[in-house]
Amino acid sequence: MSELTAKTIAELRDGFRARDFSAREVAEAYNAAVAGAKALNAYAVETPDDALAAADAADKARGNGDLPPLAGIPLGIKDLFATRGVNTTAGSRILKDFKPPYESTVSANLRKAGAGMLGKLNMDEFAMGSSNETSAYGPVISPWRRKGSNVGLTPGGSSGGSAAAVAAGIAPGVTGTDTGGSIRQPAAFTGICGIKPTYGRCSRWGIVSFASSLDQAGPMARTVRDCAILLEAMAGFDPKDSTSLDLPVPRWEANLSSDLKGKCVGIPKEYRIDGVPAEINALWDQGIEWLKDAGATPVEISLPHTKYALPTYYIIAPAEASSNLARYDGVRYGLRVEGEGLNGMYSATRAEGFGAEVKRRIMIGTYVLSAGFYDAYFTKAQKVRALIKQDFRKAFEQCDVILTPTAPSAAFGIGETTDPLAMYLNDVFAVPASLAGVPAMSVPGGLDGQGLPLGLHLIGNELDEQTVLNAGLAIEERAGFTARPEKWW
Amino acid sequence: MFGGRRSCAGDLLQIGGRIPPQVRLSPLPPCRSHTPPLSAPTMSVSTEQVRHIAKLARIAMSDEEIERLAPELNNILGWVEQLGEVNTDGVEPLTAVIDQKLRLRDDVVNDGDIRDKVLANAPDAQHGFFAVPKVIE
């Protein structure tokens, strides 16, 4: 890492303003780092000129003192966000060469805040995956390796390219999206921070839809402060998204405080899972101690429907996906494969355009929504989801924030998990907060015995990102996590 | 074909080498291999049904793909059937995860005149329209 690519976003912002370096120098350092890291396969598309143009605009604006908050900061954008004129494929063959004539609200907000774009980040196809292995661009390779091993590891998913880019120092910060853990699990696997805000904080307009009642954008970066900075720029009311929250964006960064006096931290007993590696439970206990040290009081809580969250998710998310992905019909955009008549064309296009995991989920979704099964599966799942939401409502009468591990394991090897269900279980700790629409964050806590990062997971009450960020900051200050992957790429 | 034995969370967590074999959510009742779900009917998907679902989903599939997918779908559906254990009597299905009112906007044209942009990514655009294979004889 060069001196500039080792800096946090806060340091880049402040150093640029203090004239320690120019925005162009930052963009050039990152463009070079991106170009030198092709072995990671983190970027699906590189846009060095975009980063340079934004940097030049920032350098020019620096003279007049009225700089937007992210002036001089280049970012990576997950390939799920529509970017005007730049390939947006959601990691799928069916959207090969799709160039949106419009910009997603979140990436437009970042541009308005002065940020440039380094490129589009690789991801699981349509964000369906927990290992970045389902991408049509091929898997992302994590910059992390087990001690004394050169086996390729996954960076997690679906925001795997995003996570690998931040961990490898080829982006200071990135966008991710989280439907059932897709920001938090990869953040945990790669030793970085990532937050999924309250459902509705970030506009979904221009984000390729997966499961619309769950999809939420959020930032991933090296520090809690950087996440707060990015989230402030990404969030905000958008009339183009009917579920966008019409609320002012809080000043999360200005209000950051690791003083947790008077706060209660809930420890959900149902998250104690037999057989999770002892190191993960030990880190969880350490996290409780860190939050106590910051002034918080731990309290045992119960989220009784926890064990039903994953099966509920694997009805609702595929159901919504099967409906959302009906739009890929070979008519309006993307791939077309000719077949017998119109139906033959649809079926041939979708057979060739979608990968195995996406097909699997469309099939499950189609089945649970089909006549005769709708009530038994879909309506039932929506009822259980109401109970899960109720669990969190009750819990937040007792506590201000909940602490759990982020994932039940450290990063695993590429190709090691071939069973779909075993893959789904990666998100066992992440999915309940998604179903409840509440904000949740992963912060790095330490390394396991193999030298791989482990994350701690903070879940807050709806609209209370501040307490999540503050508790994250308290952990970050105490964990002193400075480990970086050794450069091999 | 599937021996009538359904998986429970405890079984499925054992699949794959990465998650330790004894992982299971606690407290978790023992496997319910002999207990039918409380409300969800027991559903085993046949290859014929998989073929039908693929048709509904407009995805062309070979016989081999269907043969491969049937046990996978059964595995996943068998696992989600544990929701049958949850008493949801009197529970309203969740419709919005964060309470909010749907907004109305002024009934005015605020978009449009972008035909060429709309057609720009079409695999086959002709005379200002999306073109599809012939539908009407």
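Trainee: How much surface does chain A expose, and what share of it comes from carbon and sulfur atoms?

Mentor: Chain A exposes about 14800 Å², with carbon and sulfur atoms supplying 50% of that. Those areas come from the Shrake-Rupley method with a 1.4 Å probe, and for residues only the protein chains shown count as cover. Keep in mind that this is a predicted model: local features need pLDDT of at least 70, side-chain atom pairs count only at pLDDT 80 or more, and totals for chains, interfaces and linings use all residues. Side-chain values use heavy atoms, leaving out hydrogens and water, residues are numbered from 1 along each chain as its sequence is written, and chains are lettered from A and ligands numbered from 1 in the order in which they are written.

Trainee: OK. And for chain B, what's the accessible surface?

Mentor: About 8900 Å² for chain B, of which 54% belongs to carbon and sulfur atoms.

Trainee: Back to chain A. How many helices and strands does chain A have?

Mentor: Chain A has 15 helices and eleven strands. These are DSSP runs numbered from the N terminus: helices are H or I with at least four residues, strands are E with at least two.

Trainee: How does the radius of gyration of chain A sit against the globule rule?

Mentor: The radius is 21 Å, close to the 23 Å that the rule gives for 489 residues, so chain A is as compact as a globular protein of that length. The radius is taken over C-alpha atoms, and the rule is 2.2 Å times the number of residues to the power 0.38. Along the principal axes, the C-alpha atoms fill a box of roughly 65 × 50 × 50 Å.

Trainee: What percentage of chain A is buried?

Mentor: Buried residues make up 70% of the 489 in chain A. Buried means under 20% relative accessible area, exposed means over 50%, and partly exposed is in between (1.4 Å probe, protein chains only). For chain B, 36% of the 137 residues count as buried.

Trainee: Which residues of helix α5 in chain A are buried?

Mentor: The list is A:G160, A:G161, A:S162, A:A163, A:A164, A:A165, A:V166, A:A167 and A:A168. That's nine of the nine residues in α5 (residues 160–168) of chain A, so this helix is largely enclosed by the rest of the structure.

Trainee: What covers them?

Mentor: The cover for α5(A) includes β1 (43–46), β2 (74–78), β3 (116–121), β4, α6 and β6 (216–221) of chain A. Contact here means heavy atoms within 4.5 Å. Just after α5(A) comes A:G169, with a positive phi of about 75°.

Trainee: You mentioned β4 and α6. Where is A:G180?

Mentor: A:G180 is in the loop between β4 (173–178) and α6 (184–190) of chain A. A:G180 is buried, at a relative accessible area of 3%. Leaving aside residues up to four places away in sequence, A:G180 touches A:Y313, A:D427, A:A430, A:V431 and A:S434.

Trainee: New topic: aromatics. How many aromatic pairs are there over all chains?

Mentor: There are 17 over all chains. One of them is A:Y314 with B:W79, a tilted pair at 6.0 Å centre to centre and 50° between the planes. Rings of Phe, Tyr and Trp (its six-membered ring) pair if their centres lie within 6.5 Å; planes under 30 degrees apart count as stacked, over 60 as edge-to-face and the rest as tilted.

Trainee: Which helices do A:Y314 and B:W79 sit in?

Mentor: The pair crosses between chains, from A:Y314 in α9 (residues 309–324) of chain A to B:W79 in α3 (residues 63–80) of chain B. A:Y314 is buried at 2% relative accessible area, and B:W79 counts as buried at 2% too.

Trainee: Any backbone oddities? Which peptide bond is cis?

Mentor: The bond from A:G157 to A:S158 is cis, with omega near 10°. A:S158 lies in the loop between β3 and α5 of chain A. For background, most residues other than glycine have a negative phi, and most peptide bonds are trans.

Trainee: So what about A:L463 and its phi?

Mentor: A:L463 has a positive phi, near 70°, and is not a glycine. A:L463 counts as partly exposed at 36% relative accessibility.

Trainee: And B:D113, buried or exposed?

Mentor: B:D113 counts as exposed, at 86% relative accessibility. Its phi is positive as well, near 55°, and B:D113 sits in the loop between α3 and α4 (115–119) of chain B.
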